[in-house]
Amino acid sequence: MDKNEFKEWEGFVGESWKNSIDVSAFIDQNYTEYLGDDSFLAPKTQKTTIVWNKCRDLLQKETQNGGCLDVETNILSGITAFGPGYIDKPNEVIVGLQTDTPLKRIVNMYGGTKIALKALEAHGYKLNPEVQKHFVTYRKTHNDGVFDAYTPIIRRARKNGLLTGLPDGYGRGRIIGDYRRIALYGVDRLIEEKQKDLQNDFLDENNLEENIRLREEVSEQIRALNQIKEMAKSYGYDISHPAKNAQEAIQWSYFGYLAGAKENNGAATSMGRDATFFDIYIERDLKKGILSESTAQELIDQFVIKLRLIRHLRTPEYDELFAGDPTWVTESLAGMLDEKHSLVTKTSFRFLHTLENLDPSAEPNLTVLWAKNLPMGFKRYASKISIRTDSIQYEGDDTMRPLYGHDYAISCCVSSMKEGKQMQFFGARCNLAKALLYAINGGYDELSGALVVEGFNKLEDEVLDYSKVRKNYSGMMKKIAKIYVDANNIIHYMHDKYAYEASQMALHDTYVERLMAFGVAGFSSAVDSLSAIKYAKVKPIRNAQGIAIDFDIIGDFPKYGNDDDRVDNLAVELIKEFFGYLDSRKLYRNAKATLSLLTITSNVMYGLKTGSTPDGRKAGEAFAPGANPMHGRDSSGALRSLNSVAKIPFANCCQDGVSNTFSIVPSALGHDETEQINNLVNILDGYFVQGAQHINVNVLNRELLIDAMNNPWKYPNLTIRVSGYAVNFNKLDRAHQEEVIARTFHEKR
């Protein structure tokens, strides 16, 4: 047998994927498109019922224990740091836990010692003194390196909330290992390919540092692959060779993912795009009689259970940024192979069906890649599950596929990248509303009074002049873009140096393309503020220092979210300009700049750090999430609100994503479920055909959330989409719950 042939590949067709690492080609040549409906789906099995009931009890105990069930304080994070752990071994068909017991969290010190210790303290734990002493004595962290290199202006921008949520003290995340590679090729073949990349002993003197760094990283990747193999062996599996059936394909892939979750505390440890890949193995086993529909669903149900148990140890500050304890285990479903053929399989349905078999859930972050030509049976089923569970987000495959090809996946919430061929340097957000206030106030912070950005004069007119404001704002954004880029270049240099994600990067091509994902907060407030200054009269109210701390607005102005080009054009102009400033800067490791309108639930905290703005928003009030219009201002109906957001350009500007969280009351969708499903399908089709990129869908009434806030025991599984991801509503603190309730609930289409 040829060294590139394995007996485990019996029945698979095609040759190109055998000769090089190319999962995409394997899928193209072997998957079976499914054009039917959901009538074939099976309920959960007895084994799954037993396992899930035990998990339910543990999850309830975790909630009762303040959100953290247990923490391991004697062992630090690592792929092989823990022995095998089980929920109910006789009934588990997919095995593996982050530690040796379910929901026990890991201490990861590599991002930052102080932050890890603070997280422990917040949950009532202390690290073993000997472990702490050894680590602090002999190891420098990512956080240490970053603050050694930060410039004074970066520190000021960070302290005053101009740059927010920077990953300078926690794992950057947003790196999707192509975990399918382990299943298709086995670890030994992957190691062999990495070893080939080390055979060239030539170092390019023109790129010496990069060459040396890459060689070290590939060596670390090989060590990580061997550790993944060792970890799997502790569970009784030999993953050196390819998977021979569906159970092994899922198990092998999960071991790869689990290694990343053990090694890193990344902000978004996403799963990737697996349903169509898994379906190839399931179809082969169904034909052989190895599986039934019931046991096929059992594999997916139990795989999803494992993903629902992923946990990371976080600080209170992190929880303020990202309420609800999310891990963003994003699984991307469906999409198109080409204009005529979808990548929908029966397993695409099976993943969504877990929301029925296992209750609604925030994790994994199930993401449907919506396209005009998706099979109607799948569109209708996804819409039905959205209406029943509020647990799905949608992203525009027709918008993303031309840029990424058909084998891309979503990381975190809305960030697209080619699986195994691109990785992302996560870059958090710049507060554009605060930047506008800096433009008005000459670089002084409106809350602290500190001079943050030098070189600008205060605008002292009685009524703000649009042309003067706009000119100062452009200069301010250009200068802030440099500060922002400098911060991210430092962060990712140090992260590679002190907290490198070897196991995840081992499942990428060695010569990977890097994206640097910048983001903005306060977008719609900044846009409405510009509109108010342009179309109404805005008088600043200044304090003794001459800083505008409030605004008197005389007259009305067009508001973003009503399909009014007067203000929507300002939005497009603003985001294009800011991205241009970012894109013009040199980025670490020749990364490509991308930009997102995505605030997670941090719109609450960012609002707290921002004074009153010229649109009438008062100091401390929450921003709208992501690209959403400000709460209640999109008053012309659901479709017009969607039309405004759809105008924000994705290609060549906001390629890191344009997050839109959309809530509509059930009666506005239709009188019964059939009518609601039909109308939701039509809304999604109409939204995405305009080139839109993302939408969260909530179908619920405001009154239900108010009741859930006041009587949480009545709604233990209430899941809602918040901003690119879902949360259990009861896990939000009161401030975040109130902000969600204050959002627009569309009562008409």
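In this predicted model, the side chains of Arg-589 and Asp-496 meet in a salt bridge, with an N to O distance of 2.9 Å. Arg-589 lies in the loop between α22 and β14, whereas Asp-496 belongs to helix α19 (residues 466-498), so the pair ties together parts that are 93 residues apart in sequence. Both partners are covered: Arg-589 counts as buried at 10% relative accessibility, and Asp-496 is buried with a relative accessible area of 9%. The two residues also belong to a network of salt bridges that links Arg-172, Glu-209, Glu-210, Arg-213, Glu-217, Asp-496, Glu-501 and Arg-589.

Across the whole structure, 58 salt bridges are found. One of them joins Arg-401 to Glu-339, the closest N and O atoms being 2.8 Å apart. This pair links distant parts of the chain, since Arg-401 sits in helix α17 and Glu-339 in the loop between β4 and α15 (346-357), 62 residues apart. Arg-401 counts as buried, at 10% relative accessibility. A salt bridge within a single helix is formed by Lys-196 and Glu-193, whose closest N and O atoms are 3.4 Å apart. These residues are three positions apart in helix α9 (residues 187-197) and are therefore separated by about one helical turn. Lys-196 is partly exposed, with a relative accessible area of 44%, while Glu-193 counts as buried at 18%.

An open sheet of five strands follows the order β4-β5-β6-β17-β16, and its pairing is mixed. Strands β4 (330-334) and β16 (661-664) stand at the edges; each has a single partner strand, so one side of each is left without a neighbour in the sheet. On average, neighbouring strands of this sheet are turned by 30 degrees against each other, direction ignored. Within the sheet, β6 (residues 393-396) and β17 (residues 694-699) pair in the antiparallel sense over three bridges, and Gln-393 stands opposite Asn-696 in β17. Helix α16 (residues 376-389) packs on the sheet and touches β4, β5 (365-370), β6 and β17. The direction of α16 makes about 145 degrees with that of β5. Helix α17 (residues 397-404) lies across β5 and β6, running at about 55 degrees to β6.

Strand β14 (residues 592-597) is mostly covered, with five of its six residues buried. This strand pairs with β11 (residues 513-521) in the parallel sense over six bridges, and Thr-594 in β14 is the bridge partner of Ala-517. Strand β14 also runs parallel to β15 (residues 657-658), to which two bridges join it; here Leu-597 stands opposite Val-658.

Helix α24 (residues 638-646) has seven of its nine residues buried, so it is largely enclosed by the rest of the structure. The buried residues are Ala-638, Ser-641, Leu-642, Asn-643, Ser-644, Val-645 and Ala-646. They pack against α22 (565-583), β15, β16, α26 (673-688) and β17.

Two further sites concern helices α4 and α10. Thr-113 is found in helix α4 (residues 113-122) and is buried, with a relative accessible area of 13%. Residues up to four places away in sequence aside, Thr-113 touches Phe-135, Val-136 and Thr-141. On the surface, Leu-203, Leu-208 and Ile-212 form a nonpolar patch with about 230 Å² of accessible area together. Of these, Ile-212 is found in helix α10 (residues 208-234) and is partly exposed, with a relative accessible area of 45%.

Terms used. Residues numbered from 1 in each chain as written. Predicted model: local features only at pLDDT ≥ 70, side-chain atom pairs only at ≥ 80, totals over all residues. Heavy atoms only, no water. Patch = residues over 30% accessible without salt bridge, like charges linked within 9 Å, V, L, I, M, F, W, Y side chains within 5 Å. Areas by Shrake-Rupley, 256 points an atom, 1.4 Å probe, with all protein chains shown as cover. Salt bridge = Lys/Arg side-chain N within 4 Å of Asp/Glu carboxyl O. Helix = DSSP H or I, 4+ residues; strand = E, 2+ residues; numbered from the N terminus. Buried < 20%, exposed > 50% of the residue type's maximum accessible area, 1.4 Å probe, protein only. Pairing = 2+ DSSP bridges. Axes fitted to C-alpha atoms, helices over the stretch in contact; angles between N-to-C directions. Contact = heavy atoms within 4.5 Å.
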